[in-house]
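User: I'm new to reading protein models and I'd like a close look at one part. Could you pick out the aromatic rings and walk me through what surrounds them?

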Amino acid sequence: MDEYNRFVDWDKMDVTVQSQDVKELTCTEFQELKQLARQGYWAKSHSLRAKVYHKLISNIPCRTVTPDANVYRDIVVKIVGKRNSSSLPLPEFVDDSLVPTYCLNAEGIGAVRKIILCIANQFPDISFCPALPSVIALLLHYSRDEAECFEQVCRILACNDPSKRLIDQTFLAFESSCMTFGDLVNKYCQAAHKLMVAVSEDVLEVYSDWQRWLFGELPMVYVARVFDVFLVEGYKVLYRVALAILKFFHKVRAGQPMESDSVQQDIRAFVRDIAKSVSPERLLEKAFAIRLFSRKEIQLLQMANEKALQQKGITVKQKSVTSPKRQNVHLAVHAENFKSEIVSVKEMRDIWSWIPERFALCQPLLLFTTLEHGCSLSRFYSHSEGHEPTLVLIKTTAKEVCGAYLSTDWSERRRGGNKLSFFGTGECFVFRLQPEVERYEWVIIKHPELAASGSEPENHASPASNTLSCRGSLSDPSDRLSPFLSARHFNLPSKTASMFMAGSSECIIIGGGDGQALYLDADLNHGRTSHCNTFNNQPLCSESFQISVLEVWGFRDTMNG
């Protein structure tokens with residue numbers, strides 16, 4: 001252990017870390033490594049963890065020219081000079097006020113700043129990397145000297161495997177990761193998300209802290225356990241652990257009063273003191289119990305969020321006080337500008353908190369209403385086409401209010417000619433606002449004839465009860481599209497018979513969630529619902545209903561006019 005002792009203040013470390021016998025790690029198979037990392041096989045031996053880190057990092061595929069230990073020895077004196085390392089100014093791409101010490105001694109604390117400056121010299125393309133100080137501080141525990149730590153961090157930063165994302169190095173990557181995390185919270189932590197929306201003025205401002213929870217506030221023993229798995233499994237692990245943290249925060253704080261201006265600080269304080277309520281083992285257990293989407297699907301969502309930010313010109317961190325992040329729902333849905341015959345401003349804000357992060361940058365725009373444009377399906381299409389996504393709101397004559405978020409342009413229906421055409425993505429969902437608020441997770445809609453024959457159905461006006469079958473989950477994710485994104489956006493193959501929206505000249509079908517689906521007739525006066533009691537949820541609305549008012553809303557990009 002002596003060779004990895006240089007930067008550690010052992011008086012601050014857990015004594016059990018020092019007392020374990022040194023073990024060896026001989027396995028090389030990924031699945032076995034993954035299992036051992038999750039179990040904490042090398043967590044109790046400081047020396048073994050150091051050797052495992054070196055082995056895993058040395059196997060990271062990197063750019064041909066990646067700075068190594070010799071480069072550090074050549075440049076450190078020129079860059080640092082005779083300045084006091086503990087007071088060295090840091091580059092703008094890190095937060096000078098958030099440099100964790102992780103039980104380092106004085107030499108180690110100074111070494112973090114020296115290594116950051118040398119990395120800034122060798123990686124001029126890095127523009128935003130808030131996780132870097134934490135990674136360096138952690139790896140100093142398992143390095144013989146500064147140069148070795150520098151080389152390991154450089155290999156992580158220089159990874160050139162497009163399928164192996166490690167550390168965000170630009171504001172665009174970081175900001176899109178915050179939006180992606182917000183989308184995942186919306187999907188997997190709905191109770192916590194509902195609380196955040198209720199108590200926070202800017203929900204993404206809270207979610208933008210997600211990396212800070214891991215690489216700033218989390219105690220060192222927890223960070224090391226997370227990093228064990230991160231080096232084996234990659235970036236997806238970080239999302240898992242952050243989601244688990246939010247779940248535990250909600251469990252501990254649910255029912256306790258919280259102020260909107262303190263929720264961000266409350267979560268940070270909870271993470272700093274997480275040992276009072278959750279062990280590292282329990283945190284990881286919760287994280288890996290979440291049935292998260294595949295790495296490929298999360299990557300597609302990240303790409304879509306990056307594209308949305310680029311289109312809005314948000315690629316660098318703004319130095320002004322204006323936040324470029326997700327709009328406060330109170331700002332996106334202006335009370336003075338918003339007018340609907342179906343929902344109130346508050347109800348629209350509730351809906352806005354459910355939509356994907358990349359579209360929450362926009363404001364609602366009324367496209368169609370039966371009160372003004374009449375009950376015509378053709379006019380519904382003509383006013384809705386060209387807009388993606390859209391929001392459909394329905395008020396029945398029985399005062400029920402329901403609706404759907406639709407991810408795909410209705411013009412896609414034309415691919416089927418005059419026949420019922422299926423399309424859409426898993427971001428579609430249906431919801432109910434009256435008599436009670438309920439949002440239903442996505443499922444598919446499936447036309448039996450289409451699935452059986454591989455061709456479009458002949459009887460496209462069949463009743464909804466015959467046309468729809470509902471499933472809460474899909475058995476094989478390889479035979480469907482990403483649940484988030486449309487295949488045409490990424491040139492992916494699309495031969496599946498099951499989709500989420502359907503439209504023809506005679507009807508509209510919208511697949512919702514937990515077995516819920518809407519069927520609207522051509523005259524837009526009458527509708528039906530299909531409900532499978534998969535999760536014993538209340539139905540979306542009456543099985544058969546008369547439409548009082550129907551509205552279609554688009555999303556206006558406020559940043560590009």
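Analyst: Here is a walk through the rings, starting with the whole protein and then zooming in.

Keep in mind that this is a predicted model. The protein has 561 residues, and buried ones make up 59% of them. Its secondary structure comes to 23 helices and 13 strands. Among contacts with a separation of 6 or more, 75% are between residues 24 or more positions apart. On the outside, the protein exposes about 23,700 Å², with carbon and sulfur atoms supplying 47% of that area.

Now for the rings. Searching the whole structure turns up 26 aromatic pairs. One of them joins Tyr235 and Tyr239, with 5.3 Å from centre to centre and 75 degrees between the planes, so it goes down as edge-to-face, the label for planes over 60 degrees apart. Are these two tyrosines buried or exposed? Tyr235 has 6% relative accessibility, so it counts as buried. Tyr239 is at 1%, so it counts as buried too.

Another pair is Phe429 with Phe431, and this one is tilted: the centres are 6.1 Å apart and the planes make an angle of 55 degrees. Phe429 counts as buried because its relative accessibility is 3%. For Phe431 the value is 0%, so Phe431 is buried as well. These two phenylalanines also belong to a cluster linked by ring pairs, together with Trp352, Trp354, Phe359, Tyr405 and Phe555.

Rings can have charged neighbours as well. Back at Tyr235, Arg165 lies over the face of the ring, 4.2 Å from its centre. Elsewhere, Lys286 lies over the face of Phe248, at 5.5 Å from the ring centre.

Let's look at what comes just before Tyr235 in the chain. Helix H12 covers residues 220-233. From first C-alpha to last, H12 reaches 20 Å, close to the 20 Å expected for its 14 residues at 1.5 Å a residue. Most of H12 is covered, with 13 of its 14 residues buried. Just after H12 you'll find Gly234, which takes a positive phi of about 95 degrees.

Follow the chain a bit further and you reach helix H13, residues 236-253. What does H13 add to the largest nonpolar core? That core has 126 residues, and the ones touching the most other members are Trp42, Ile119, Ile136, Ile156, Trp210 and Ile245. H13 gives the core its largest share, 11 residues. To get a feel for the packing, take Ile119: leaving out residues up to four places away in sequence, Ile119 touches Ile126, Leu132, Ile136, Phe150, Val153, Cys154 and Leu157. Apart from the largest core there is another one, made of 28 residues, including Phe368, Phe380, Leu406 and Leu550.

Let's finish beyond H13, in the loop between H13 and helix H14 (263-272), where Gly255 is found. With 83% relative accessibility, Gly255 counts as exposed. Gly255 and Leu195 are 60 residues apart in sequence, and their C-alpha atoms are 9.8 Å apart in space.

Notes:
Residues are numbered from 1 along each chain as its sequence is written. This is a predicted model: local features need pLDDT of at least 70, side-chain atom pairs count only at pLDDT 80 or more; totals for chains, interfaces and linings use all residues. Side-chain values use heavy atoms; hydrogens and water are left out. Rings of Phe, Tyr and Trp (its six-membered ring) pair if their centres lie within 6.5 Å; planes under 30 degrees apart count as stacked, over 60 as edge-to-face and the rest as tilted. Buried means under 20% relative accessible area, exposed over 50%, partly exposed in between (1.4 Å probe, protein chains only). A charge sits over a ring if NZ of Lys or CZ of Arg is within 6 Å of the ring centre and within 35 degrees of the ring normal. A nonpolar core is a set of buried Ala, Val, Leu, Ile, Met, Phe, Trp, Tyr and Cys residues joined through side-chain atoms within 4.5 Å. Helices (H or I, at least four residues) and strands (E, at least two) are DSSP runs, numbered from the N terminus. Contact means heavy atoms within 4.5 Å. The expected span of a helix is 1.5 Å times one less than its number of residues. Accessible areas come from the Shrake-Rupley method with a 1.4 Å probe; for residues, only the protein chains shown count as cover.
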